[in-house]
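Reader: Hi, I'm in my first year and I'd like a close look at one part of a protein model. Could you walk me through it slowly?

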Amino acid sequence: MRRRSRAAEAVAAALLLALSAACGSRLPESDFEHDDRSPAPRDSAPLRVGIITSATSPVGGSAFTGPRDGAKAWFDRLNARGGIDGRRVEVRLCDDGGSGVGNNECVHRLVEEDEVVALVATTALDYAGASRVSRARVPDIGGQPIGTAYDTYPHLYGIYGSLAPRNGTTGWDGTLYGGTEVYRYFKREHGARTAAVVSYNQSASAAYARLVERGLRAEGYKVVTEQVDFALPNFRAVAADLKEQGADLVFDAIDGHGNARLCQAMDEVGADVTAKVTNVQNWTSTVPADYKDAPRCRNALWATGSSRNFDDTGHPAVREFREATKDLKTRSQWQLEGWAAARWFTDAARSCVRTGITRACVDTYMNRSAGYTAGGLLLPVEFARLPEPPKTSDTCLSVARWQDGKGWVGQGDMNRTCFTVPQLAYQL
């Protein structure tokens, strides 16, 4: 099985947001309370699920809401069609405010007071309550790996899967591993040889920049490093040097506002590149407004991730998502991934109809859901619990490029854009 990409998204989200503020593995049988008993009596009570979102965080009001909105759209549509075995899904939302204290309060309310059967599409700046969710054996389905929780605890199932043991220790003895597939893609498909990495003189930004630099060098790139002052960044000087150095690619470890200013400066000095590469969080329909003053750089924006392009309306699962979210003001890849997370829960719950939709039964399904794709929206997910970290990985990649008038244009089949790449160690 081809493993999906995840490290770049996780590290980018965890570090950059700080600027603003093997298949079918099994848990021990003792972790399961579900068996093949006779069918449970039919229950018409609503099924409660919880969605924790850092909706009002120091990062900004719209930074984290995409997965929530996508998941809620799925459940609204599901309920309009009769729910799960006639049972409506009752969605309990909780805004943790982007703080650890708020997150623990949300976990207490949803898990202990509301007794939700599962959490879905968690998107938390500080997932401080993750260990409590795990101890309660509540399946957390399709959450965004902004921190390390989804590579640390059992019963937590991130949207990108995990190969780590998830035994209470992050990764393998505190170390995580990520691949170089993004850099391999641009080298193989576009002949890129020189790459620039732009960061702030700030610890989180610099740490992520160093990780990108390591990956680029491992793939044989000439790497140009550019650092700007966080308080008074001189993006025009950076852009002029990018032009002078002849960079083919530009990666960054800066925030969204900084990216827009960098792109504007690149246009002003005539620094044309093959690709200005961004991550899944910035894969949105707001590009024309965000980069309104940088038309050349805007049309050089590329995004990479592990889910099918939300603008790929030729795919039936995407069309279904688009139709259900047509009233939203904007669309994003995180919305699509939240939709996929809610679909994942629904498939798990439907598998439990015969014996009863319980936390334990849903968790059993999740633990055995190797190769899950949400109808083709995700690259196949796996939770392998490898005892040793992989040295290499077969990894696939979803790639899209922004083009004015067309939106995000997919670049090849994500299930065939695959590479065998080295896995590099990193720590958060």
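Which strands does helix H7 lie across, and at about what angle does H7 run to S9?

Author: Happy to. Before that, some ground rules: this is a predicted model, where local features need pLDDT of at least 70 and side-chain atom pairs count only at pLDDT 80 or more, while totals for chains, interfaces and linings use all residues. Residues are numbered from 1 along each chain as its sequence is written, and side-chain values use heavy atoms, with hydrogens and water left out.

Now your helix. H7 (residues 235–245) lies across S8, S9 and S10, and runs at about 170° to S9. Helices (H or I, at least four residues) and strands (E, at least two) are DSSP runs, numbered from the N terminus. As for the angle, axes are lines fitted to C-alpha atoms, for helices over the stretch in contact, and angles run from 0 to 180 degrees between N-to-C directions.

Let's look at what H7 lies on. The open sheet has 7 strands in the order S9-S8-S10-S11-S12-S14-S15, with mixed pairing. Two strands pair if DSSP finds at least two bridges between them. Strand S9 (222–228) and strand S15 (407–410) are the edges, each pairing on one side only. On average, and ignoring direction, neighbouring strands of this sheet are turned by 30° against each other.

Helix H6 (residues 203–218) packs on the sheet too, touching S8, S9 and S10, and its direction makes about 170° with that of S8. Touching, or contact, means heavy atoms within 4.5 Å. Under these helices, strand S8 (residues 194–200) runs parallel to strand S10 (residues 249–253), and 5 bridges join them. If you'd like a spot to click on, Val198 stands opposite Asp252 in S10.

Over at the S15 edge, strand S14 (residues 398–403) pairs with S15 in the antiparallel sense, over 4 bridges. Arg401 has Val409 in S15 as its bridge partner. S14 and S15 make a hairpin with 3 residues between them, and Gly405 in the turn has a positive phi of about 90°.

Next, the inside. The largest nonpolar core has 79 residues, and Phe75, Val120, Met266, Phe345, Val362 and Trp408 are those with the most contacts inside it. Helix H12 (residues 333–350) gives the most to this core, 10 residues. Apart from it lies another core, of 26 residues, including Val197 and Leu211. A nonpolar core is a set of buried Ala, Val, Leu, Ile, Met, Phe, Trp, Tyr and Cys residues joined through side-chain atoms within 4.5 Å; buried means under 20% relative accessible area, exposed over 50%, partly exposed in between (1.4 Å probe, protein chains only).

What about Phe75? Leaving aside neighbours within four places in sequence, Phe75 is in contact with residues including Val120, Ala342 and Phe345.

Finally, H12 has a helix partner. The axes of helix H11 (residues 316–324) and H12 come within 11 Å and cross at roughly 105°, so H11 and H12 are roughly perpendicular to each other. For reference, angles under 35 degrees count as roughly parallel, over 145 as roughly antiparallel, 65 to 115 as roughly perpendicular and the rest as oblique. Among the residues making the contact are Phe321 of H11 and Trp339 of H12.
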